[in-house]
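New to this one? Take a minute to look it over, and then we'll walk through a few spots together.

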Amino acid sequence: MSDQSTSPQPTLQAGEELHGFKVLRVKEFTEIRVTAYEIEHGKTGAKVLHLHSFDRENLYAIGLRTPPSDSTGLPHILEHSVLAGSEKYPLKDVFKELMRSTLQTFINAFTYPDKTIYPVASQIKTDFFNLARVYTDLVLHPRMLKETFLQEGHHLEFSKPDDLSSDLIISGIVYNEMKGAYSSSDSLIYKVLQENLYPDSVYAFDSGGDPDVIPTLTYEQFREFHRTYYSPTNARFFIYGDITTSEHLAFLAEMLTGSERVEIDSSIKSQKRLTAPRVIRGTYPIGKDESLQHKTIVNIAWMMSDNTDYEASLILEIISALLVGSAASPLRKALIDSGLGEDLSPVSGIEADLKQLMFCVGLRNTQSSDVENIEKLILDTLKNIVADGFDKELIEGVLHQVELHGKEIVRGSYPYGIALMGNVFQTWLYDGDPLIGLDFPRAIENIRGRWTADPQIFQKMTQQWFVDNPHRVLAIMEPDADFNDKKEKIYQEKMIKLKSSVSDSELTQINAEAKELKKFQVEQDSPQAAATIPKLKLEDITKSIDTIPTQNSLITGIPALEHDIFTNGIAYVDLAFDIAHVPEELQPYLPLMGKMITGMGAAGFTYEEMAKRIALKMGGLGYDLTTAFTADAGATWQKVIISFNALYRNLPDAINILSDIICAGDLSADARMRDLIAERKNNLQSAIVPSGHIFAKMAAGAALTVPAYRNEQWHGRTQLKFVEKTANDFGREKHDLREKLELLRKIIFNKENLVINLTAEAKGLKIAKENILELLDKLPASSAAKTQTKPLLAPVFAGISIPAQVSYVAYVLKTPAYTDPASALLMISAKELSNSYLYKHIRVQG
Ligand SMILES: [Zn+2]
């Protein structure tokens with residue numbers, strides 16, 4: 001392993017020229033172990049940023065400014081379409097081919113309101129360059145076939161192919177995707193806010209596409225958009241990882257050969273400031289059998305400072321965290337405690353991926369008659385904060401969170417390079433300094449300095465950007481049980497009108513074109529076309545696999561796993577408690593218990609005080625229920641895992657807080673308990689439409705195995721029904737609820753049930769082990785009562801109706817155990833099925 005105590009030695013100097021590129025700036029960021037090179041291509045003006053690190057998961061991303069000028073979804077349809085194929089790689093779907101035939105660890109494409117980004121990552125150098133090579137060619141030289149446009153964008157066809165008397169319908173991948181998005185209340189709110197807060201800018205349009213507008217897009221407009229924005233001159237290449245800068249430049253020089261500089265102004269214009277607040281009304285779909293009472297969603301959003309003013313943006317992000325980020329936040333508390341609505345609106349917080357920042361806050365499940373009161377409460381609370389200031393400990397807690405997250409070098413579900421890419425594009429896209437967001441320690445130090453010099457700085461900024469800022473929108477969203485019916489009716493009428501307005505020969509032609517498209521879609525790519533995709537050779541793949549160093553040990557008799565790895569001064573602690581023996585009637589309560597123990601008071605501290613303690617000493621506190629088969633499927637296991645991370649210096653306090661939570665939790669505060677239940681109910685409810693496939697999969701799987709049954713019981717529709725009932729009966733049943741949760745606590749939290757998992761450098765492991773002894777001391781030795789429970793699984797053929805313009809279907813099969821030789825083959829088959837046959841028939845052919 002190389003020395004990771006600092007950043008890689010610079011290999012190029014500012015001013016140096018290489019392969020037709022000029023190095024503009026070199027800067028080391030030792031805290032995150034990165035050396036940054038800001039580079040420009042002489043001939044095309046393409047901008048390049050390489051963050052050289054010790055990470056062998058190299059990332060390559062092409063970012064383009066793609067400001068939309070309407071809501072036809074052009075940037076989104078183009079994002080899908082360029083990945084279909086290029087002259088050099090003339091396959092019908094190169095993206096899917098790369099997914100199948102490379103060792104990519106990340107491959108995707110993202111459409112934002114003002115940019116499109118194409119990232120790929122791999123841990124194998126040859127594979128990395130193969131991916132980068134194909135991706136660059138796709139982005140810069142796509143085939144842009146008419147068929148691709150029809151398939152990804154929109155086309156007409158008959159509901160019964162060849163039957164010209166059947167209905168004429170619109171189909172298309174992006175069109176269908178956006179119909180799904182336009183059924184989700186969260187996306188509808190976001191759209192309404194953005195349209196009205198930035199009425200004269202690109203954000204007034206939906207880059208993803210409005211299903212009502214998508215069908216007006218023409219093939220010529222589609223080609224023109226690519227010609228305008230997809231040039232190296234308009235591109236920003238973001239590269240991260242351990243491959244040297246000179247190798248990347250040699251590669252890029254080859255990729256950019258033949259490209260010329262073009263004249264283009266794609267800069268994102270600022271929205272001019274509104275001088276008076278606006279009020280807007282909208283609707284969102286709910287189920288026909290749902291009550292309309294208390295279903296209004298109210299939000300206020302402000303347009304704030306320019307994104308390129310990094311320090312102002314960071315202070316506003318801190319203020320957002322102070323106002324609504326935790327249970328101790330004054331604006332969140334004022335809104336929840338008012339009883340005017342059930343919980344905070346899901347879009348609350350700051351949005352920094354826009355030219356000018358947006359802050360939003362509001363209440364969910366309120367009533368129309370309270371809109372004025374809610375607006376007044378929000379504005380009054382802000383005025384009071386400006387007058388009285390923020391709690392000092394709250395500020396310290398937020399600064400600690402920013403510091404800790406800046407220090408965290410982790411690969412979550414995304415490569416670490418993706419997180420850094422996000423930081424960079426926040427300023428880079430708007431011609432600000434791309435490196436400014438990488439220097440966390442300095443930024444925090446500056447803000448601390450400003451805070452010391454002027455203790456009222458956060459109040460003053462709150463006054464400037466909230467209280468005195470008239471550029472705001474009040475959005476009132478009302479529920480509408482006929483929302484989808486109305487949409488459907490308008491659509492039907494439009495299609496009938498369209499059908500009657502065209503001649504018979506035109507109808508015949510529509511049918512012929514639709515058939516042509518289907519034929520194109522089922523045609524196999526030729527072997528010659530398939531052979532164009534560069535493939536890895538077996539010798540390119542290392543035979544060894546990465547293993548995480550693990551040492552089994554006992555801490556006062558409790559089994560522990562220790563992982564001594566580089567963690568940049570942060571310790572990761574997980575406590576896994578067995579829950580297999582929890583009685584059947586208490587199983588549905590397990591998710592609620594997590595909500596309660598992490599969200600309520602403990603050991604004499606109120607819930608606000610606990611929230612502050614957690615923010616000051618921990619980097620997040622997790623409670624996860626997890627279940628699976630053993631490797632040979634001989635048994636199943638179920639655990640609750642409580643986890644947190646902390647800077648080494650904070651470990652003693654953090655473990656102390658955890659000990660209070662587990663051993664001395666206080667469930668006595670009624671109002672807080674009711675709010676937490678409502679929040680969980682609303683989050684589950686609004687997750688259904690955007691993640692319908694997951695709910696369908698859980699419902700189907702529950703009939704087959706115990707782990708799948710538990711998973712559905714804890715996270716699926718059954719859980720939503722259970723939480724709804726608990727919320728409705730709260731007044732009557734709260735004593736019973738409290739007793740059950742206390743009983744659960746006794747059954748679960750004891751030494752006999754526990755396995756400890758610790759990850760840190762040796763120094764951190766030592767501190768963690770020493771301090772955890774105190775917690776173990778307080779835990780009882782074994783459980784009060786144990787029962788073996790096994791749920792009765794019953795076959796499911798369920799139809800569940802949801803208020804959406806799209807449907808979700810899941811089919812679940814039981815397969816052999818992990819250790820069965822068939823399982824590896826089945827895993828490959830499953831991947832292959834989703835990437836080829838099923839993908840083609842379901843997604844491509846609609
Ligand atoms: Zn899409």
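Is His-76 buried or exposed? Keep in mind that this is a predicted model. His-76 is buried, because its relative accessible area is 6%, and anything under 20% gets that label.

**The zinc site**

His-76 is also one of the residues holding the zinc ion: the protein donors are His-76 (NE2), His-80 (NE2), Glu-177 (OE) and Glu-177 (OE), and they lie 2.1 to 2.7 Å from the ion. Along the chain, the donors follow the spacing H-x3-H-x96-E. The two histidines sit in helix α1 (residues 74-82), and because they are 4 residues apart there, about one helical turn separates His-76 from His-80. As for the geometry, the 4 donor atoms subtend angles of 52 to 134° around the zinc ion, so the arrangement counts as irregular.

Here are three buried histidines side by side, two from the zinc site and one we'll visit next:

| Residue | Relative accessibility | Label |
|---|---|---|
| His-76 | 6% | buried |
| His-80 | 12% | buried |
| His-155 | 10% | buried |

**Around His-155**

Now hop over to strand β9 (residues 155-158), where His-155 has its place. The side chain of His-155 makes a polar contact of 2.8 Å with that of Glu-157. Leaving out residues up to four places away in sequence, His-155 touches Leu-150, Ile-169, Ile-170, Ser-171, Gly-172 and Leu-517. Pro-215 is 60 residues away from His-155 in sequence, yet their C-alpha atoms are 7.7 Å apart in space.

**The nonpolar cores**

In soluble globular proteins, nonpolar side chains tend to be buried together. Here the largest nonpolar core has 115 residues, and those with the most contacts inside it include Leu-51, Tyr-60, Tyr-118 and Phe-237. Which helix gives the most to this core? That's helix α3 (residues 125-140), with 9 residues. Another core, of 64 residues, lies apart from it, with Ala-571, Leu-737, Ile-747 and Ala-768 among its members.

Phe-237 is a good residue to click on. Beyond its neighbours within four places in sequence, Phe-237 is in contact with ten or so names worth finding, including Lys-47, Tyr-60, Leu-252 and Trp-428.

**One last helix**

Finish at helix α28 (residues 821-835), which has 15 residues. From first C-alpha to last it reaches 23 Å, close to the 21 Å expected at 1.5 Å a residue. At the start of α28, a side-chain oxygen of Asp-820 comes to within 2.8 Å of the backbone nitrogen of Ala-822.

Note on methods: Residues are numbered from 1 along each chain as its sequence is written. This is a predicted model: local features need pLDDT of at least 70, side-chain atom pairs count only at pLDDT 80 or more; totals for chains, interfaces and linings use all residues. Side-chain values use heavy atoms; hydrogens and water are left out. Buried means under 20% relative accessible area, exposed over 50%, partly exposed in between (1.4 Å probe, protein chains only). Contact means heavy atoms within 4.5 Å. A polar contact is a pair of N or O atoms within 3.5 Å; within protein, one must be able to donate a hydrogen and the other to accept it, and residues adjacent in sequence count only if both atoms are side-chain atoms. Donors are N, O and S atoms within 2.8 Å of the metal (3.2 Å for Na, K and Ca); water is not among the atoms, so sites may look incomplete. Four donors count as tetrahedral if all angles lie between 85 and 135 degrees; four count as square planar and six as octahedral if opposite donors are over 155 degrees apart and all others between 65 and 115; anything else is irregular. The expected span of a helix is 1.5 Å times one less than its number of residues. A nonpolar core is a set of buried Ala, Val, Leu, Ile, Met, Phe, Trp, Tyr and Cys residues joined through side-chain atoms within 4.5 Å.
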